[in-house]
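Biologist: I'm new to reading structures, and I'd like a close look at just one part of this one. Please pick a spot and walk me through it slowly, then tell me what lies around it.

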Amino acid sequence: MRLSRLSLERYGRFEDCELNFRPGIPDLHVIYGENEAGKTTSLAAVSDLLFGFPVRSPYNFLFDYSLLRVGAVLEDGGTTLACRRKKGTSGTLLGADDVPIDEAPLAAMLRGQTRDTFGLSFSLDQETLRSGGKAMVEAKNDVGRTLFAAGSGLTGVSDELRRLETEADAIWGPTNRGSRTFTVAQRQLAESTRLVRDDALKPKAWSDARAATERTREALEAARLDRDAVQAESRAAERVRRLAPLVRRREEQTIALAGYDGVVDLGRQRETAAEELVREAEEAVRAIAAAEGLRADIANRRAAVLTDPQVLGVADEIDRLVADAGAEVKAKRDLVGLEAEHADAAATVRRLRAEAGRNAGATLQRELAALLRELARVHSEQRLAMRQVEDDRQRVEERRGRAAAALAATIVSDAVDALTSAVDHARALGADADARCDALRVKLDGATRRADAALARLAPWTGDGDALACLPRVDDSEVHDARDALAALVAEVRREEEAAQRASDQSAAAALEISQLATGTAVSPEEMAEVRTERDRLWRPLREHLLNGAALQAPAEAIAGYESGVAAADDRADARFASADASGKLSLLEQTRASHDLTRRQAETRAQSARDCHEETVAGWKRRLADVGLPALEPGRFHSWQADRDVAEAAQAEVRNLIADVELSEAKRDAARAAMSAALGVADGGGPIAPVLARAERRRAEFEDVARKRLLAQAELDQLDVETAALDRRQRVAEDALDANGDAWRAALTEAGLDIDVSACSAVLDLLDELREATASEASMRRRIEGIGRDTREHAAAVRQLADAIGVPAGEVQERLRSLRDRLAAARSAATVNGSLHDEDKRRHGELQEAQAKLQATEEALAPLLAETGSADRVALGAAIERSRAKRGLADEIAATERAILEAGDGLRLDELLAAVGAADPDQVAAQLESLGSRLEELNAAVDEAATAHGDARATFAALDTDGTSAVDAAADAEQARSELEVLAEDYILKRTQAVTLKWAIEKYRERHQDPLLLRAGELFSTLTTGRYATLKVDTDAPSPRLLGMRDDTRTMVEVDAMSEGTTDQLFLALRLAALEQSVAAGVGLPFLADDLFVNFDDRRAEAGFRVLAEVARTTQVLFFTHHPHLVQIAKSVVGTELHSECALS
Amino acid sequence: MTLCGETVEAGALHDNAPALRDEVRALASSISPALFVEKVRVEVTEPARTGLVVGDDLGAMIDEAASDPDLIDALSRDLERFMLAASTSLGDPDEGELRLAAARGDWSGVLRTASTALRSRLTAEG
């Protein structure tokens, strides 16, 4: 099928657009259109034309569904079909006059294709090409499965190939691997060969032992030979003694056989056959006698049977009359009811004629009646359409009224803009404006409390935040310096106090030690000085007295006192001298204590000095602070105070910031609330904004609802104007159609000669149909009644005539017919008996002939035996057979005796054995046997001795061989390894050759069984890729079959996923075109529609693509849609200017 | 030991020559420990066939293998390195049907024996 013309009458953006495609080969047409020119629309139009519009079509954006029309002139062979398509559920294929036409011709052209199959196979764009191609290479559709079906079925063979390769690889491989058996055997051979070479030189001991072994072996063999000779002689004598009875029995049997000279030996088989023939001949004789007796009996029985040939001659006629009699009886029974029905039918005909009036006589043809009915139906539909138009118009007017009322009722207030603006402004503050204001206020209170607490912590300083802000700041470094200086002074005081304490403690310890020494014998210097001072005091008055003559108050007492003083001093001096060590230590301790006391006093002095300095420094620092209004605190506390001051100042700053935030938020909220209050026309009551906003939003929603209703009403009015215009058009079209249908109606009535109102057409035509059927029924009944009477009369006449003819007595028809039937039954019974006897006689005659033939055959077969044995008859032949059997039995016995002689003859020939027995004397044989037995015992002892010597020599040689390891073993191992290697070599060659052969056969098999579709797709792919790819192959050895592209080197295989985008498109197009060619070859030749399939093709491959399409266009039409001008030029260059066909979409 | 004669199972015997040798050795050992069979050579051939036994195309192709020059060329190239390795270890072949034939360049003979064994193997595999 091809498109000769495509008419886009009203479809999508097209109106009265026509594309004409010239006939001729190649049937390739390029349709050029820029973007949005309607290429895809045109493709859809073709599908809609061929298969009908879908329920929802996107191409009604310019024309209403009912107005959509697409047409074409289709050619298929010699058939041309001009058709148009409208949207609808039935009767959508139209003729040129917009009247539905039969779909059958179009369906025949479509060859069973559906919209889906057409879309998949014949109408492709870039997307469907790729999706379809992907489905094919993944074997998800029928075409794909067809591709991969070929060459399958060799899975088991492929497995076998892998097994063969594995087996061969286990023996040998190009790469050296220790596990391969050939390699293992190679190593073993090399090792064994090396050992053989190493052990090639044998020691002399080994050679001597070997020579000794050889000598003993030769001696042993000589002894054995002697013993064997005696043994042979003994066996011969024993044999003669054993065979003698058998030889005598043979001679007796031979003599008995000689008595059967002249007797013919027929042989066992011929004897059995002859006996069988004799038995068969006797059976045949008995069968002949039995058959002749039975035939005589049959002849007697046939003579006793009486037949009636006259009645049998008219048997069929009698059967027919008997059958007709039953039908006659039934017809008479039905006749009563039939006559009543006929009367009713006649009355119905009269009633219908009266009802039809003047139309009753009209003879209306079926075609005309169908036309009238169709015209009446169309008239009814047109009236219905008119009424629908009126109804629709009424509904439109009602809607118009409602829309106008709605428009009038929706007045938009002038305040809406101000309210909208105020609400938007309030919304911009956020839905939590009140909450935020409240939260800020709470936050401010908290910050204020914290700021007051921070100020309180600055005691002893008092004042508010402003006063605090006015205070000067003392630099931290200054504070740190002061604090460090004071700390140094405090440390110094503490250090000196500790030094004084330490010196005091040491002095006390020395004092304690001095007191301990003093209580003992030690005399301290002070004690010495004290007693000497007392002595000097007592001497002084005496000296004055003596020198200066001073008077003594009491000279005796003075002198006594002086003497006691000198004695005391001397006593202490003596004591001191007597304990010089203790005294020296005591002296040293005294010095130490004095030193510690000095140190203590000095430390106390320095400590006091540092303490005074610290007090002065503190006093100076406090004066420094007090002078500027700061609290007079020591540097450490002042440092903490300054930190608290920072906290207090931060708290004050936070309070100030929060106050600003609260004021700003509340100001914005108040302004928005005031604006909304003003828009609402109410006084601003302050406070939260939410209630006012809610009220304003309600008012705004009311305004918007009114505006929306107004817009809807206006849109409804606009739509109603459009619908009114459409209704006007529909009414005009319906009125025109009604007029045309009225003209056709009147013409048809005139032709039919009827007078019918169009509204009553169906009823009148039904009445006329009913009248015609009633008339026909009444006539049919009348004919049946007349026929029954005629049949009854003819039946009676026939019975009478037949009864008279065969002599049945006169009487009632039924009675005579019964007599005829009885006579016929009797005649048939006699004929049946006679027939069975005839068959029996015939069978017996056959048996007789068979027995006679058998007898003749056996006699002919026995004739040569009778002649050979000279027998006169079969009895004599039996005796001859018995003699033959006896003679052969005797010969068999002789043969058995000879076999027994041979079995006991130690393998000698029969004549040798007979001669040996014949030549021997039985008495001498016994004596000879006794003598040989003694001799044999002696020789056996000699053999034992030689064997022992040989065994010793072998043991000696074996021990040498074991100790020397093995040149022999190595040689044997080498030979065994070589043997193993040769076997493996044979096995490898066989396995490898099998593998190579099987692989070669599989490849050839797959080449031969390659699917034609794949073959053709490979050719097309090669053309489309300008030879870059040679063909396509299916890799069936993969886990799942896959499609591969074979490069031009015929070795490189490329997977589809590895192909470029353009090559993939070319592959998919090749597959699709190959499938298309198969469809066309199968008779499904629909136009192939291609929507810009070459967008990824370079110019050379696009040229190749057009060559392929031109080739396809030799068998089916190809419409190529494109928006690329250069593709049009390429197409023109490929097919030639004179054959180039081009259309433009505008 | 050399097995010769004709049998329809000739292919199977060729294909299982190593197993056959092991079996013969085991039998010999069971007869006497001193009896050792060093080699078992299979020289059995198939009876002449009057028609094509293998009915499918693959079998027919295997039968044609021995006379295909491309396959002969491919086989000689495939076994070239092995033949070199075997002759290095074993020297020139004086026995061993297939190696001898291959060394003489009688690749058709090698292919005939292998095809027989292969068809038997494929038949046994079903």
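**A loop and its surroundings**

Modeller: Let's start with Glu36(A), which you'll find in the loop between E3 and H1 of chain A. Before we zoom in, keep in mind that this is a predicted model. What is the phi of Glu36(A)? It is near 65°, a positive value in a residue other than glycine. That is worth a second look because most residues other than glycine have a negative phi. Is Glu36(A) buried or exposed? The cut-off for exposed is 12 or fewer other C-beta atoms within 10 Å. Glu36(A) has 11 such neighbours, so it counts as exposed.

Now follow the chain onward into helix H1, residues 39–51 of chain A. To see what H1 rests on, you need the sheet. Five strands of chain A make an open sheet, in the order E2-E1-E4-E5-E6, and the pairing is antiparallel. At its edges are E2 (14–20) and E6 (93–94) of chain A, each pairing on one side only. Helix H1(A) packs on this sheet and touches E1 (2–11), E2, E4 and E5 of chain A. The direction of H1(A) makes about 105° with that of E1(A).

Two of those strands are worth tracing on the screen. E4 (residues 69–76) and E5 (residues 79–86) of chain A run antiparallel to each other, joined over eight bridges. One pair to find is Val70(A), which stands opposite Arg85(A) in E5(A).

Let's go back to the loops. Pro26(A) sits in the loop between E2 and E3 (28–32) of chain A. The peptide bond that leads from Ile25(A) into Pro26(A) is cis, with omega near -5°. This one stands out because most peptide bonds are trans. Further along chain A there is another cis bond, from Ala459(A) to Pro460(A), with omega near 10°. Pro460(A) is also in a loop, the one between helices H14 (433–456) and H15 (465–470) of chain A.

Glu36(A) has a look-alike too. Asp98(A), in the loop between E6 and H2 (104–110) of chain A, is not a glycine, yet its phi is positive at about 65°. With 10 other C-beta atoms within 10 Å, Asp98(A) is exposed.

Here's a nice surprise about the start of chain A: who comes to visit from far along the sequence? His1123(A) belongs to the loop between E12 (1118–1122) and H31 (1125–1135) of chain A. Its C-alpha atom is 8.5 Å from that of Ile31(A), although 1092 residues separate the two along the chain. Setting aside its neighbours within four places in sequence, His1123(A) is in contact with Gly33(A), Glu34(A), Asn35(A), Lys39(A) and Asp1092(A). Is His1123(A) out in the open, then? With 18 other C-beta atoms within 10 Å, His1123(A) is partly exposed. That label fits because 18 falls between the cut-offs of 12 or fewer for exposed and 20 or more for buried.

So picture the whole neighbourhood: H1(A) lying on the sheet, Glu36(A) in the loop between E3 and H1 of chain A, and His1123(A) in contact with residues including Asn35(A) and Lys39(A).

Key. Residues are numbered from 1 along each chain as its sequence is written. Chains are lettered from A and ligands numbered from 1 in the order in which they are written. This is a predicted model: local features need pLDDT of at least 70, side-chain atom pairs count only at pLDDT 80 or more; totals for chains, interfaces and linings use all residues. Two strands pair if DSSP finds at least two bridges between them. Helices (H or I, at least four residues) and strands (E, at least two) are DSSP runs, numbered from the N terminus. Two residues are in contact if their C-beta atoms, placed from the backbone, lie within 7 Å. Axes are lines fitted to C-alpha atoms, for helices over the stretch in contact, and angles run from 0 to 180 degrees between N-to-C directions.
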